[in-house]
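Thanks for coming, everyone. Please bring up the structure, and I'll walk you through it.

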Amino acid sequence: MSKPKRTYTTDVRKDWQDTIAEVLKAIDRHIIYNGLFNTNDFHMKSYYILKQYLIELKNWIHEEEKRKGENNE
C-alpha cells in the first residue's frame, strides 16, 4: 500500500506527519479489534493511551510552530 501524498506546511509538521498517520492507523485498529473480539480492556485502554498521545503531540507541534514563527496556513 502506498503512502498518501501530503503537503507539508511547516518543517515541524513534516517531521511528525508519518508518525501521526501511523498512530491514527493503530487507533483505528484498536477500535476494530475491540468491536470484533469484544476485548474491552486491552484495546480500549490502548485506544485511550494513543488518543491522548496524539492530542499531546499535536499541542506540542502547535507550540513549536509558534516558537519558531512558522505559519501553518
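Let's start with one side chain: is Arg13 buried or exposed? Arg13 is buried, because its relative accessible area is 17% and the cut-off is under 20%. Keep that residue in view; we'll come back to its partner.

One caution before we go on. This is a predicted model. Every value I quote was computed from it.

Now the overall layout. The chain has 2 helices and 0 strands. It holds 73 residues, and buried ones make up 26% of them. About 5900 Å² of the chain is exposed, with 53% of that area supplied by carbon and sulfur atoms. On contacts, take the pairs at least 6 apart in sequence: 61% of those join residues at least 24 apart.

Next, the core. Which residues make up the largest nonpolar core? There are 8 in all: Val12, Ile20, Val23, Ile27, Tyr47, Leu54, Leu57 and Ile61. Two elements give two or more residues to this core, namely α1, 11-37, and α2, 40-68. Look at Leu57 in particular. Leaving out residues up to four places away in sequence, Leu57 touches Trp16 and Ile20.

On to α2. This helix has 29 residues. From first C-alpha to last it reaches 41 Å, close to the 42 Å expected at 1.5 Å a residue. Several α2 residues are buried, including His43, Ser46, Glu64 and Glu65. Tyr47, Leu54, Leu57 and Ile61 are also among the buried residues of α2, and these four belong to the core I just listed. Just after α2 comes Gly69, with a positive phi of about 70 degrees.

Now look at His43 from the other helix. Ile31 lies in α1. Ile31 and His43 are 12 residues apart in sequence, and their C-alpha atoms are 6.9 Å apart in space. His43 is buried. Ile31 counts as partly exposed because its relative accessible area, 43%, falls between the 20% and 50% cut-offs.

Last topic: charges. Side chains of opposite charge can pair when their charged atoms come close. How many salt bridges does the model have? The count comes to 4. I'll show three pairs.

Back to Arg13. Its partner is Glu65, and the closest N and O atoms are 2.6 Å apart. This pair links distant parts of the chain: Glu65 sits in α2, Arg13 in α1, 52 residues apart. Glu65 is buried, because its relative accessibility is 4% and the limit is under 20%. Arg13, as we saw, is buried too, at 17%.

The next pair is Glu22 with Lys25, at 3.4 Å, N to O. Why are they separated by about one helical turn? Because they are 3 residues apart in helix α1. Glu22 is partly exposed at 45% relative accessibility. Lys25 is partly exposed at 40%.

The third pair is Arg67 with Glu64, where the closest N and O atoms are 3.0 Å apart. Both lie in α2, 3 residues apart, about one turn of the helix. Are the partners buried or exposed? Arg67 is exposed, because its relative accessibility of 59% is over 50%. Glu64 is buried, because its 13% is under 20%.

To recap: 2 helices, a nonpolar core of 8 residues, and a salt bridge between Glu65 and Arg13 that links α2 with α1. I'll take questions now.

Methods
Residues numbered from 1 in each chain as written. Predicted model: local features only at pLDDT ≥ 70, side-chain atom pairs only at ≥ 80, totals over all residues. Heavy atoms only, no water. Core = buried A, V, L, I, M, F, W, Y, C linked by side-chain atoms within 4.5 Å. Buried < 20%, exposed > 50% of the residue type's maximum accessible area, 1.4 Å probe, protein only. Helix = DSSP H or I, 4+ residues; strand = E, 2+ residues; numbered from the N terminus. Contact = heavy atoms within 4.5 Å. Expected span 1.5 Å × (residues − 1). Salt bridge = Lys/Arg side-chain N within 4 Å of Asp/Glu carboxyl O. Areas by Shrake-Rupley, 256 points an atom, 1.4 Å probe, with all protein chains shown as cover.
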